[in-house]
Amino acid sequence: MNEKLRIKELIQLINKANYEYHTLDKPTISDYDYDHYFKELVELEEKYPELKQEDSPTQKVGGSVLEGFNKITHQVPMMSLSNVFDETELRQFDERIFNVASGYSYVTELKIDGLAVSIIYEKGLFKQAATRGNGVVGEDITENVKTIKSLPLKLNEAIDIEVRGEIFMPHKSFEKANEERMSNDEALFANPRNAAAGTIRQLDSKVVAKRALDIFLYTIVDAQNYVNSQKEALDYLQTLGFKVNPYYKQCHDIDEVHQQIQLFDDKRKTLKYDTDGVVIKVNEFSLHDKIGYTAKSPKWATAYKFAPEVAETKLLDITYQIGRTGKLTPVAELEPVFLSGSTISRATLHNEDFIVDRDVRVGDIVRIHKAGEIIPEVIEVVLEQRTNQTPFEIIKDCPVCGHPLIRKEGEADYYCSNDDCPAKNIHGLIHFASRVAMDIDTLGEKVVETFHELGFLNTIYDIYRLETFAEELKLIPGFGNKKVNKLLDAIDASKNQSFDKFLFGLGIKHVGAKVAKNIVKYYPTIDLLKEAEIEALIDIPDIGEMIAQSIVSYFSDEQNLKLIDELKSFGLNMTYEQEETIEHEFTGKTFVLTGKLESFSRDQAKAIIEKLGGKTSSSVSKKTDYVLAGSDAGSKLKKANDLGVTVLDEQTFMEKTNGLY
Ligand SMILES: [Zn+2]
């Protein structure tokens with residue numbers, strides 16, 4: 001077939017598939033076919049660059065990296081809308097129109113919480129896109145907007161037109177973006193709007209393409225040149241191939257408008273994207289000039305803003321969190337209450353001034369809301385319901401290390417004065433949870449850091465308190481039901497970890513895994529160890545004065561003793577149980593591990609061998625009894641074969657040890 005025709009055909013096929021999937025939400029071809037067509041098109045275009053079409057979907061994957069964004073002056077300024085916040089204000093808006101015009105109707109549309117964009121098409125082809133900026137001058141984001149899958153690069157009519165819409169990040173893309181940021185150790189986006197705004201200002205359009213932004217179009221500039229009303233404009237935008245939010249409605253009077261608002265104040269909670277209100281416009285364009293404009297906004301339109309969801313509950317306690325910089329944040333511990341789709345049991349109180357200004361007291365009934373953030377905020381106290389609560393007073397000492405807190409002049413925050421405060425240093429927490437210590441599988445470094453950042457983890461003790469916040473943890477991007485349950489199960493299981501691993505996990509200076517193993521044989525309970533004296537400790541093989549000194553000093557610190565008592569109350573195992581050695585063909589044998597194992601890590605394989613009374617060594621010699629070889633085993637396997645050492649593959653090893661560990 002002629003290549004030019006095939007390229008045309010593929011572009012049509014893919015653009016149609018994009019439209020059906022991203023704009024209509026009704027896919028008609030499989031992902032497999034789509035990928036297949038796309039690949040073929042890319043190859044043909046690479047081979048015949050001169051045949052590349054202007055509306056080719058291959059442009060949507062991004063490519064060019066910009067140095068910065070050029071300024072663009074809008075030919076017609078992008079005005080903002082006035083706001084109304086309740087029914088009274090809504091009816092006043094209607095009265096003002098009624099006073100100057102008659103025979104009008106309204107169109108209500110959802111106000112999408114994203115960022116406004118103006119897009120120019122010439123002869124039906126995508127030309128330029130600009131941010132709103134200050135309304136007069138915006139930034140050129142053409143390359144980035146091009147990557148939005150639901151935006152057509154070629155319209156169904158070859159016209160010159162400027163359209164406006166809202167770029168937003170759907171909840172699904174938002175969660176994915178934050179999951180990625182978490183694994184890259186980057187700060188999380190607070191909400192989808194911030195994420196969309198941050199994404200559209202990326203200089204690398206490939207990053208933008210990956211983030212999967214979406215767009216709803218809602219206005220045609222100089223629309224009266226094309227149609228007669230807002231309703232017709234929205235219909236026409238769809239005829240051209242644009243994605244328009246489906247929840248628009250022509251309303252014949254303000255009562256009907258109000259009904260729509262009430263309907264969507266509820267329905268918005270089930271949508272896959274954020275909306276913060278309803279836009280109300282006089283439908284008939286012929287009346288717009290008559291109704292007129294203020295300096296900033298049209299008088300024939302307004303935005304009804306949904307009130308943030310608020311809940312009332314009892315403030316049970318004020319606790320404190322120390323961040324990595326040593327900053328103290330007071331946290332409201334609340335009687336659990338349902339808010340914006342989830343159960344909330346804590347909220348931030350920011351700092352001392354915040355609490356004092358609002359006169360928040362433990363025992364008060366408080367109002368809380370979620371300001372698009374993960375952690376809700378206390379707004380105010382319901383003073384009518386106050387009984388005899390005592391005024392708030394901030395603590396004087398760090399709740400983690402006991403050192404004095406310092407409030408620098410001109411700053412609202414207190415900081416722990418101790419440079420070595422464990423709260424500033426979460427390595428201890430990471431170590432405690434790690435595979436070599438308590439082996440809490442899902443509580444890796446990144447998760448510990450995120451939880452610490454959000455105030456859920458300050459000390460080891462907090463790990464066992466996480467259960468209380470299960471509902472809140474599920475709200476953290478990248479978490480959710482399954483992952484949180486898995487984490488809590490792993491935490492629960494860690495309570496049975498062996499005493500020596502626990503001791504090692506505490507991070508006592510100079511007490512490594514081997515030393516801990518040794519100690520517990522002589523001090524089989526934590527209570528015995530707490531009382532141990534240096535002279536007695538030194539008698540243990542391989543323990544010198546430095547280690548002994550360190551142990552004694554650890555157990556003489558009040559904070560450490562408190563931590564151990566708290567952990568005890570959670571049921572953590574602090575008793576050494578003599579391991580039964582199982583008589584097995586591996587008992588007393590020396591192993592060397594090599595290659596990549598599929599079913600378990602090397603540490604796990606090592607643990608199994610030790611449990612069966614075997615040993616592991618790092619190099620193959622005549623003394624080696626077995627080599628356990630995974631895939632891609634190299635020189636060690638060769639040496640084993642040369643020396644005639646028995647080589648076990650993973651399958652055989654599993655069969656021989658099945659059920660014994
Ligand atoms: Zn401290």
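Helix H1, a DSSP run of type H or I with at least four residues, numbered from the N terminus, covers residues 3-23, and its 21 residues reach 29 Å from the first C-alpha to the last, close to the 30 Å expected at 1.5 Å a residue, where the expected span is 1.5 Å times one less than the number of residues. This is a predicted model, in which local features need pLDDT of at least 70 and side-chain atom pairs count only at pLDDT 80 or more, while totals for chains, interfaces and linings use all residues. Residues are numbered from 1 along each chain as its sequence is written, and side-chain values use heavy atoms, with hydrogens and water left out.

Among the buried residues of H1 are Ile-7, Leu-10, Ile-11 and Ile-14, where buried means under 20% relative accessible area, exposed over 50%, and partly exposed in between (1.4 Å probe, protein chains only). At the N-terminal end of H1, Asn-2 acts as a cap, with a side-chain oxygen 2.7 Å from the backbone nitrogen of Lys-4, and after the helix comes Asp-25, whose phi is positive, near 60°.

Further along the chain, the side chains of Glu-109 and Lys-281 meet in a salt bridge (3.8 Å, N to O), that is, a side-chain nitrogen of Lys or Arg within 4 Å of a carboxyl oxygen of Asp or Glu. Glu-109 lies in strand E3 (residues 106-112) and Lys-281 in strand E10 (residues 275-282), so the pair ties together parts that are 172 residues apart in sequence, a strand being a DSSP run of type E with at least two residues. Glu-109 is buried at 8% relative accessibility, and Lys-281 is buried at 8%.

Terms used:
A polar contact is a pair of N or O atoms within 3.5 Å; within protein, one must be able to donate a hydrogen and the other to accept it, and residues adjacent in sequence count only if both atoms are side-chain atoms.
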